[in-house]
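Thanks for sharing this one. Here are a few notes to read alongside the model.

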Amino acid sequence: MSAVLEADRVSYTYGVRDVSFSVAPGEFVALVGPNGAGKSTLLRLLLGLLDPTAGSVRLFGAAPRTLKDRWRLGYVPQRLAVPADLPATVEEVVAAGRLARTGWRRRFKPEDRAEIAHAITAVALDDLKDRPVRELSGGQQQRAFIAKALAGQPELLVLDEPVAGVDAESQERFRDSVVHNVREHGAAVLLVSHELGAVADDLDRIIVLRAGHVFFDGPPADLAARGVSLGVHSEDLPLWLEDL
Amino acid sequence: MLPLPYPFDRDYMQLALIAGLAVGASAPLIGAFLVQKRLSLLGDGMGHLAFAGVAAGLLLGVWPVPVSLLVASAGAVAIERMRRGGRTSGDLALALVFYSGIAAGVVLAGRSESYDASILGYLFGSVLTVTTGDAWTVVALGLGVVAVLAVVGRTLFAVVLDEESARVAGLPVDGVNTLLAVLVAVTVVGAMRVVGVLLVAAMMVLPVAAAQTVARSFRHAVALAVLVGVGSVVVGLGLARVWALPPGGTIVLVTAAVYVVLAVVGAQRQARHRPSTAK
């Protein structure tokens, strides 16, 4: 089966050098690296927000900017700060994510409403769906934005540091929603994070970026063989990354 | 003439009411997005650009309204492009274009022989001097705003929520941002000649600011902002007639008073919800 995401010798003016890897359908991949390793720049290149100076990126076989069915790609940016004066509810935020699937012209149909409700359920925010997002905790807000990405029923979900600084329960809920997405919908996930503890047992592969290039690409077991633990309460991975 | 009670029993008050209600209902619809994009002063600044357009029109001997529409729309697009480029923050982009606009207006007006005679009439209308044609022009503008936002409102909401995600999702981010800026330019330039720039620009921002202090959803905020806008026009116009006050300023002060009241209510409500640390 062809890859949902392929980076082929991708380089950028600064931060990314000759990066190659791919993500297969239904694969759960983590992209990690110390601060300044080029993760954010690489992510922007993969999403088509930047153009590589060398090499190429293919999303579902197409260049990112020419991809027609944009709903196939779901994206959760690094911890969004919801403006204190924005009174949007959880349901309104999640519904905005459905536009990727419907396009900006078409009105929502009952099946769109059902998918929005399903995405809210997937992150366990049903009880809070009518609450303004600004009144929720940081972890709950982040789950609302994950549901927004899920509402388009993406085939590849890209998450940028989704659990940085959020509480343990939200990390657990996050894990459940992402694993649900992988298992129930067969979607691939590319997770950029320092904190892999919550999903350690679910990952298929880990890609470690160092100084702009791929330092390690393999299953978690291979990383464990190097003495790096991803255990739930372990701080091994962040410490190891800092030492790279 | 409609059989309305005092203070709306005169023709000129009824025309003022029609034009005011059209502005009070439509301007907050645009403002709901402007405020979230941190471009609250865009409406006011369009008046500066319109000044340059009117002066250019008078100097060239052509009807100034289309020229000022063109200049304001071009300025709105320029601001959007500067903001999008990322090298200039939204407020700095506003300042750059507006000061250039008003400076160009001063220079062009200085070269025009009809400066004093007609320029102020194009720039600073009053809601009490509205003609039937003017009133319907403003109503048509308001309906146009409603129609456009009915189509692109959801996309604009997605953009103000998170522009980067909207871009990744393939939504026409640049298109709707530019459309919103042009909509502001057209509304301000079209309505300021009739009801005054103060009223149009303030109605884009103050009702929204008031509504979002208490609103429990974005939809609720928009509906409440329209209600505040319309209510302020009715109360402000009435008070202006009763106490012989300038109507535009009175309407805006009423809206500001509504903001203060709702902000107090909203602060009390938030104090009850804010401590929520439930996971």
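1. Let's start with the overall build of chain A, bearing in mind that this is a predicted model. A compact globule of 244 residues would have a radius of gyration near 18 Å, and chain A agrees because its own value is 18 Å. Its C-alpha atoms fill a box of roughly 45 × 40 × 35 Å along the principal axes.

2. Chain A contains 7 helices and 9 strands. Of its 244 residues, 48% count as buried. Among contacts in chain A with a separation of 6 or more, 72% join residues 24 or more positions apart.

3. Helix H2 of chain A deserves a look of its own. This helix covers residues 90-102, 13 in number, and reaches 19 Å from first C-alpha to last, close to the expected 18 Å. Just after H2(A), A:Gly103 takes a positive phi of about 85 degrees.

4. Is H2(A) largely enclosed or not enclosed by the rest of the structure? It is largely enclosed, because 12 of its 13 residues are buried. Among them are the charged-looking names you might pause over: A:Glu91, A:Glu92, A:Arg98 and A:Arg101. The cover over the buried residues includes helices H3 (110-122) and H4 (138-150) of chain A, together with H6 (132-161) and H10 (218-243) of chain B.

5. Now for the partner chain. In all, 27 residues of chain A are in contact with 29 residues of chain B. On the chain A side, strand S5 (73-76), H2 and helix H5 (168-185) each supply at least two residues. H2(A) gives the most, with 5 residues. By class, this side has 16 nonpolar, 5 polar and 6 charged residues.

Notes: Residues are numbered from 1 along each chain as its sequence is written. Chains are lettered from A and ligands numbered from 1 in the order in which they are written. This is a predicted model: local features need pLDDT of at least 70, side-chain atom pairs count only at pLDDT 80 or more; totals for chains, interfaces and linings use all residues. Helices (H or I, at least four residues) and strands (E, at least two) are DSSP runs, numbered from the N terminus. The expected span of a helix is 1.5 Å times one less than its number of residues. A residue is buried if 20 or more other C-beta atoms lie within 10 Å of its own, exposed if 12 or fewer, and partly exposed in between; C-beta atoms are placed from the backbone. Two residues are in contact if their C-beta atoms, placed from the backbone, lie within 7 Å. Ala, Val, Leu, Ile, Met, Phe, Trp, Tyr, Cys and Pro count as nonpolar, Asp, Glu, Lys and Arg as charged, and the others, Gly among them, as polar. The radius of gyration is taken over C-alpha atoms; the globule rule is 2.2 Å times the number of residues to the power 0.38.
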